[in-house]
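Trainee: I'd like to go through this one with you and hear where the terms come from. Can we put it up?

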Amino acid sequence: VSLVVQRLTVDEFGVKRQALGVVANVLQAFQADPRPSTAGWAASLVYEHGAVAPLVALLDVHDADVLRVALHASGGVLAAGEQLARSSRGGVCSNPFTLPFAEAFGVEKLEELQQHPNPAVGRRAAALLDRYFGGVGDAMDASEDAAAADGCAFTGGGEGREPRAVYVF
């Protein structure tokens, strides 16, 4: 995983596209597994190898196909974090992936993508903002407050709720 994440960061655009497809497919494969811990584990693995910031960086590209996959992968990580939060300490924990996403300027990029010329990209960006960041206000402050207040740690979790797809460029 670390080699793939490294490709998201340092290689030419074509290689980044392929690496993005690998990350999205890894998340998708684990989300499709019916065992409750696999999607959270996959998202944690992707997170631990530093994929959140490179995923967010790909939300700046002008290729609608890449944006679609980057939004899906970002949604997969955020969905798994939501499931981890629900399954930990009686469901009182916050999503462990919203703060790193916000710190990488993901919220701002999602806000910008709502105006994208491709309506599917705009709708997906709006859906992610609404679902994981409340759609309004300073999402980063809200994520920081929740993370500081709950004191939760995550080591695994549950399945995501993203649509099933395999990405090939």
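**Helix 5, a cavity and Asn95**

Mentor: By class, seven nonpolar, one polar and no charged residues line the largest cavity. This is a predicted model, where local features need pLDDT of at least 70, side-chain atom pairs need 80 or more, and totals for chains, interfaces and linings use all residues. Residues are numbered from 1 along each chain, and side-chain values use heavy atoms, without hydrogens and water.

Trainee: Which residues line the largest cavity?

Mentor: Val52, Leu55, Val56, Ser74, Val77, Leu78, Phe97 and Phe101. Helix 4 (52-57) and helix 5 (64-87) each supply at least two residues of that lining; helices here are DSSP runs (H or I, at least four residues).

Trainee: What makes helix 5 largely enclosed?

Mentor: Buried means under 20% relative accessible area (1.4 Å probe, protein chains only). In helix 5, 19 of the 24 residues are buried, so the rest of the structure largely encloses this helix.

Trainee: How do you know that the span of helix 5 agrees with the expected one?

Mentor: The expected span is 1.5 Å times one less than the number of residues. For the 24 residues of helix 5 that gives 34 Å, and the end C-alpha atoms are 34 Å apart, so the two agree.

Trainee: Why is asparagine 95 called buried?

Mentor: Asparagine 95 has 13% relative accessibility, so it counts as buried. This asparagine lies in the loop between helix 5 and helix 6 (98-103).

Definitions and conventions:
On a 1 Å grid over the protein atoms alone, a cavity is a set of points where a 1.4 Å probe fits but cannot get out, and a pocket is an open set with protein on both sides within 12 Å along at least five of seven lines; lining residues have an atom within 4 Å of a point. Ala, Val, Leu, Ile, Met, Phe, Trp, Tyr, Cys and Pro count as nonpolar, Asp, Glu, Lys and Arg as charged, and the others, Gly among them, as polar. Buried means under 20% relative accessible area, exposed over 50%, partly exposed in between (1.4 Å probe, protein chains only).
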